[in-house]
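Let's get to know a protein chain together. Have a look at it first, then we'll talk it through.

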Amino acid sequence: MEQDLKPEQKARKEIDKLLSLAGFELRDFKDCTLGDSTSNAAHNLAIKEFILENGTRADYMLFVAGKACGVIEAKKFSLSLSGAENQAKNYTHTLPAHIPSYQGMLPFVYMSNASEIYFTDLREPSPRARRIFAFHTPKEILDKLSFDSLRDRIRQIPPLSNQDSKKLRDCQKEAIEGLEKSLKQNKQRALIQMATGAGKTFTACNFAYRLLSIAKAKRILFLVDRNNLGKQAKKEFDNFSPSPDKRHFSEIYNVVHLETNHIPKESKIVITTIQRLYSILCGESEFDSANEEHSAFENEDKETKEVTYNPQIGIDTFDFIVIDECHRSIYGLWRQVLEYFDAFLIGLSATPSKHTLGFFAQNIVAQYDLEKSILDKVNVSYEIFRIKTQISEQGSIIEANAEFQVPFRDKDTRKISYESLEEDLEYSKADLDRSVLVPSQIRTILETYKNKVFTELFPEREPIPLPKTLIFAKDDNHAEEIVRLAREVFNADNEFAQKITYNIGNQNPQELINAFRHSKKFRIAVTVDMIATGTDIKPLEVLIFMRDVKSASYYAQMVGRGVRSIHNDDLRAVTPNADCKTRFYVIDAVGVSESQKIDSRPLERRKRLSLKELLQQVREGLEKGEYDKDTLLSLASRLTRLELSLSKEDNARLQELNCGKSLCALAKEILAFADSLHCKSCHSVPNLSCHSELFPCHSESPLCHSEGKARRISTGEESSLKEKPQSNPLEIFTNDTFCKLLLELAKKSKIYIDETSQDSVLSAEFDTQKAQNLIAQFNEFILQHRDEIAALSILYSQNYKNRHLTYEVIAELAHKLKQDSMDIPSLWNAYKLRDKGKVSKNPSKNLTNLISLVRYALKMDIELQDFAIGANARYNLWRGRCKKRGITFSPEQEEFLELIKEYIIANGYAEIKDIQEICADLGGIYRAKAIFKDSLPGLVEELSLALVG
């Protein structure tokens, strides 16, 4: 009997099953005839209680094709395995001499207590046990024996050659070197943090080629967040030319983007989503590609994905798994899918969350953040322009009027109908575009953008065409309205503003994205989440948020759509009135830049659950007598909103099934019931049977595995309440007819259209907080380094005569500022936002503008001007002083002085030794000495001091 087995016997029974699944035939030692190569040659055996040369017994001895290759040390359930490692290793030296084996010492050691398996390859340099999901199959063991160990081959990877390094940015080179160093140290997980636009996929192509060509990796898995990004990755691999003969990667190695559930044996790079990979492990023959189209950032799953061993997919299928900018849930809900394979895990992320860092054991092998990429001109910075309107901030009221019918739209069919309100319908900003649509609010935001774009955002440009603009909408219906109103506000045709979502009929989303990149006519794209992450659109210069985002990581990803730098000619090809892209703008119309962001949402939150899933959990709670308060609060909220969106007739149908009780009344009862529950006590209610076809009963509630155990209330615990409710309001959810109607009506829920409320602008201005923070950082930098950085010391003391502001001195200051994530454009723009009217337009690229910045910060100048403007003004004053002293210059001398002046403006200081270079076209130093005589050295010194001072 199972219950009579001892813990170790139970563990052995499970280990037997695992070995059988892997393809081993189980035998007892006493029943085997060993040493006979003919009888055992075709057998893959796991022999139990194998007696070794010294008389000790190995729990299992593994034979592949008739030869011994490894041992298994078995322990009882729950017993830790670290103490078994040396014991198991000792068995590898004592194989009887007559037993055929692949090596003198058995190479493979396993330890297992049935719950976990640890594996050591003794051929590896510094062999170390690692946890694996299942036992290797006999074929996988033979494959291992055919080559040196992977970790040994990794150690043979040479440093990047000079020729290879020249093809890489510094950040890409550092990432590859950091990763290979980590792999050589046998660290199973590594994270590369690289800013959007820095070339993460290109970096992956480079290290993947080195792992395949040098380390002879079997196969590499490249995981993406959604199907669209898989296509982009495939294109990147196809276009990558790693070899000297210029052949493309896909001409050397087979690269496949999975569109079926079959992994080709000949493939070397396999690109897919975690959703499809899970389907493959589950043994499903097909998987709907529509399930790969939505980003997990927007459609987070709820349930942890349980994975069982699939003998058709060995744990050695991949040697490396590259996880490209995937949602953090991949490291929680989908974790077992990643840990199924005995592979190195390599993460690529621009904005890793703390959960991502935790999954990769804080092993960040390269770090290149957005600030560094901006200073390196890989990306551009951004400014926030905040638009506040009356309705966006405070909501409004649709007044009831017997003579006026209110229009509403069916969210599913988009059919417009009308009804009379019995009472005023008050809505908050949270209801906007979810249960109430206000065309005036959308129109007001778009009109404000239209009015400000060429007066405050891009005042230097001609007013046509509009910069490439991406608008983030709340859902597909909201996106549809924005598109139509954008065409109206800008008096434009259909091509001008288009929707790029998953619901665009027969149009190809990728073709629309490409059109947005390259078309001069396509100026505004409206999306929900399809191009919120991972998609590069370099000419993009404006992002408009008309939806809030609570995830800090997702918000950073969305903002990242605008950071990409672009060559001036490429920008002008699609935006002819633009000179260059030095920054982009985030227009915040909903407070997204001000709302509290979180790295992660606890899994117990029910906001992401569908109504059907909420009802399912309530029914399971009724059956078990356990309730989750978050679920009850979410259900009450959902019912209240649903009543608002249903017609009078539909609400009456539900009331008829619930003793005349409205959904709002039911929600209030549920709230009262939830409030009466304590974290460790609740009302005792009878267990109610909830079996039905609509909601099939499960033997175990998913709540049993929730991390939020403090919120679970069990009826088996003692109640601390003095009073108990007379009835349980949740009993109505055992009624299949009620639940079925509720779900049907929820699908056809409506959104009211408020045509009467007129919105107005409260404010439309730049957010200066970011600018103020940067200015404070700059002031602190000057104060901290004023004595050690020569340029600051000279400017602080204004001792220009004895210490000169040479180009080298100014360049040192620029380098130090860059190390602290500051540069001239960002500082200049910060002052322009804070001190309107006191700062000139964007400065020239001369390094000497640092002099202007420091002087302005130290309040030596009351205005911040391009150094050239101030220097030219000071030059004219100097000329005036010379004239008063009776010094005049000939036309030829003035030509020399103009050139010297321009040199000083660009470099900060000029010396006699520079004159030959400065005035080479006019005869150089010899001609200068001839026309200025002995006054030349003093003149050059005087002019340098005059222009800087």
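What follows is a short chat between a reader and an author.

This is a predicted model, where local features need pLDDT of at least 70, side-chain atom pairs count only at pLDDT 80 or more, and totals for chains, interfaces and linings use all residues. Residues are numbered from 1 along each chain as its sequence is written, and side-chain values use heavy atoms, with hydrogens and water left out.

Reader: What share of the residues in the chain is buried?
Author: Buried means under 20% relative accessible area, exposed over 50%, and partly exposed in between, using a 1.4 Å probe and protein chains only. The chain has 949 residues, and the buried ones make up 53%.

Reader: How far apart are the end C-alpha atoms of helix 24?
Author: Helices are DSSP runs of H or I with at least four residues, numbered from the N terminus. The expected span is 1.5 Å times one less than the number of residues. Helix 24 has 13 residues, so it should span 18 Å, and the distance between its end C-alpha atoms agrees: 18 Å.

Reader: Which residues of helix 24 are exposed?
Author: Start with the buried ones: Leu663, Leu666, Ala667, Ile670, Phe673 and Ala674. They cover an arc of only 120 degrees (taken from the directions from the helix axis to the C-beta atoms), which puts them on the same side of helix 24. On the other side, the exposed residues are Lys668 and Asp675.

Reader: Is glycine 70 buried or exposed?
Author: Glycine 70 sits in strand 4, residues 67-74 (strands are DSSP runs of E, at least two residues). Its relative accessible area is 0%, so glycine 70 is buried.
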